[in-house]
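Please write a short briefing on the structure shown below, for a first-year student. Cover strand pairing, burial and contacts that involve aromatic rings.

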Amino acid sequence: MSRINMLFSFLRFLTVFSVLLLIINPSFDQVKVSVEKPNLVVAIDNSSSVKHLKQEKALLDFVESIKSNKEIQTKFNINYYSFGVNLKSSDSITFSDKQTNISKAFTQLNQIYKQTTSPTVLITDGNQTFGNDYQFTSNTYKQPIYPIILGDTITYIDLKIQQFNVNKYAFLKNKFPVEAILVYNGNKSIKSQFVVKSGNTTLYSKAINFSKNDNSEVINFTLPANRVGVGNYRATLVPLESEKNKINNTKNFAVEVINQKTKIAIVSDFLHPDIGALKKSIESNEQRSVSIVNPKNIINKFNDFQLIILYQPNNTFNTIIDRLDSEKRNRFVIIGPKTSLSFINRVSKDYSHTITDQTEDYLPELNINYSPFIIDDIDFESLPPLISNYGEVKFNIPFESILNKNVNGVSTNEPLLSTFETNGKREAVLFGENIWQWRAQSYINEKSFNGFDNFIGKLIQYLATSKQKSRLNIDYQSFYNGSGNIIIKAEFFDKNYIFDTRESLNITITDKISKEKKTFPFILKNNNYQVDLSSLPPSEYSFTVRATNENISKSGGFQILEYNVEQQFLNADVTKLQQLATNSSGSSYFIANTENVISDLLRDNRYVPIQKSSKNTIPLIDWKYLLAVITLSLGLEWFLRKYNGLI
């Protein structure tokens, strides 16, 4: 056999062998053994109450002692978090958060460490300013908790305004009610004075007497609303000379006085949970009141209402619709399975609905290009379907959909909730029944009705006014509490009133007192632009929002009230933190006596490293290399045969 034939045989053998090896794919098992240390979660209170209680140095020293302890570093994987309003993965502590939500911190930690051994060192004063009670939320967090209590158990003499209840709005020439809950902490009998002022004018004053047993008082009184606009007030419980914390003796509040209350009628000839849900949502704004009336009785009261809601109209609504049309009045029509579609098609000149005598369940789908006003996404995709009449809706005029119909995840591009403007009137149409379930689901999602109520409130505000459509819309409040988030939202539309994501918006803020000006950029978020002004100090402000690329702007003003909820505390919440430790099989320690914390963690036999083995099946030869060998041998054989004239 010649050499060239031997080479051909070798190359062919190599090809066949590689193909067989690729098919058989021989492999072997590789076992890796690893040691997994338990986690040590260090959650640090970053709220300003820690600084107010003068515990910041002790806290930082304790955190540093954990970082420098080599035994702790060897036994645990240490993860540092700070919390205030939100939980953050960081050991950078500034004590700047204006509020504390310990409950939310436990909820988020539970998602991270649900399947691991992770004892948690909670360094806090235990004073929570909002959110669910963390003593109950922590029951779902199946980790031992070791609270490090920032503060002491010493009882100080203290007078404070425990709670202040007042409506956000009042009506001109009326008196609005105010309720103040005053509390005394001490053993001696004392006298003080409760005073409410507007500027330098005293509007209300009352002498207060407290003793060890008689240590609280509820005061109810009224104040006059004599001027339209935002009125600022200051309530003070005159402090004692020996008080340690005098900040909690004062409460600033504001009330916006409006000239008229919007009255709304829901017209229906039968009862339905939707009607009650709409009434509660609309009346969550004190500026509005709702009456539920029969279509036969509405005519005599027609002029009492600024907006009419027609719930599933039928032939009995003929007179009221004629009156609405003749006076070009705004309306909100809700169409459902009990609606007479033949009646709707007869009386409506703007749209018609195909009659099929069938129903369908439709899910809501938000239209992010809706332009008349700002819509916040309240997680519409999670809301239950509405029952609607099956069939096509035809509009004879231009309209815009807030929500479209969606069936089993498939968009139909059919309107579920739409608005339109024609002949000087505005109208909204909802093609579905059971909107009460949306309000209930919104509460389940957010633990609050606010999201749904604000959504309905904006729709009602749009229908109750007749302002022309604007390309730049601003969403803000007349005043904000100093301890809350201050978010201003904006929408910008192109000339076709399609939401424009390419525009750059800036807001220029002017402090009316100091005349200082600051400019902030808006950030595009979801279906609107937003700017966070929470860093602004309490004062009166005017602002102008401008579009960078076009000569369009809008101005307004707001006030930030002086109030820091984190400065209302004198002591740590020792009882609750100790109970938290007991319920979770942990231990509590005061920050002044933390020498046992580290030793207790090191001695605890529950926190030991876990040896884990993982078995991986690895191929003997990587298939990529086999393919390369097959390609190379076949290619070389073909080239040599071609070169020698054999093919």
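In this predicted model, arginine 331 has glutamate 427 of β25 as its bridge partner. That bridge belongs to a parallel pairing of strand β18 (residues 331–335) with β25, which runs over 5 bridges. The points below start with β25 and then turn to another buried strand and to the aromatic rings.

**Strand β25 and its neighbours**

- Strand β25 covers residues 425–431, and 7 of its 7 residues are buried, so the strand is largely enclosed by the rest of the structure.
- Lys425, Glu427, Val429 and Phe431 point one way from β25, while Arg426, Ala428 and Leu430 point the other way; all are buried.
- Strand β24 (residues 410–422) pairs with β25 in the antiparallel sense, over 6 bridges.
- Threonine 422 has lysine 425 in β25 as its bridge partner.
- The hairpin of β24 and β25 has 2 residues between the strands, and asparagine 423 in this hairpin takes a positive phi near 55°.

**Strand β28 and its neighbours**

- In strand β28 (residues 487–492), 5 of the 6 residues are buried, so this strand is also largely enclosed by the rest of the structure.
- Strand β26 (residues 472–475) pairs with β28 in the antiparallel sense, over 4 bridges.
- Within β28, alanine 490 stands opposite isoleucine 474.
- Strand β32 (residues 528–532) is joined to β28 by 4 bridges, and the two run antiparallel.
- Lysine 489 has glutamine 530 in β32 as its bridge partner.

**Aromatic pairs**

- The whole structure contains 23 aromatic pairs, according to a search.
- One pair is phenylalanine 76 with tyrosine 607: the ring centres are 6.1 Å apart and the planes are at 55°, so the pair counts as tilted.
- This pair links distant parts of the chain, 531 residues apart: phenylalanine 76 is in the loop between α4 (70–75) and β3 (77–83), and tyrosine 607 is in the loop between α13 (595–603) and β36 (610–619).
- Phenylalanine 76 has a relative accessible area of 1%, which means that it is buried, since the cut-off is under 20%.
- Tyrosine 607 is buried as well, with a relative accessible area of 1%.
- Tyr351, Phe395, Phe399, Phe420 and Phe431 are linked into a cluster by ring pairs.

**Charges over rings**

- Lysine 405 places its charged end over the ring of tyrosine 362, 4.5 Å from the ring centre.
- Arginine 439 has its charged end over the ring of phenylalanine 449, at 4.0 Å from the ring centre.

Technical notes: Residues numbered from 1 in each chain as written. Predicted model: local features only at pLDDT ≥ 70, side-chain atom pairs only at ≥ 80, totals over all residues. Heavy atoms only, no water. Phe/Tyr/Trp six-rings, centres within 6.5 Å; stacked < 30°, edge-to-face > 60°. Buried < 20%, exposed > 50% of the residue type's maximum accessible area, 1.4 Å probe, protein only. Lys NZ or Arg CZ within 6 Å of the ring centre and 35° of its normal. Pairing = 2+ DSSP bridges.
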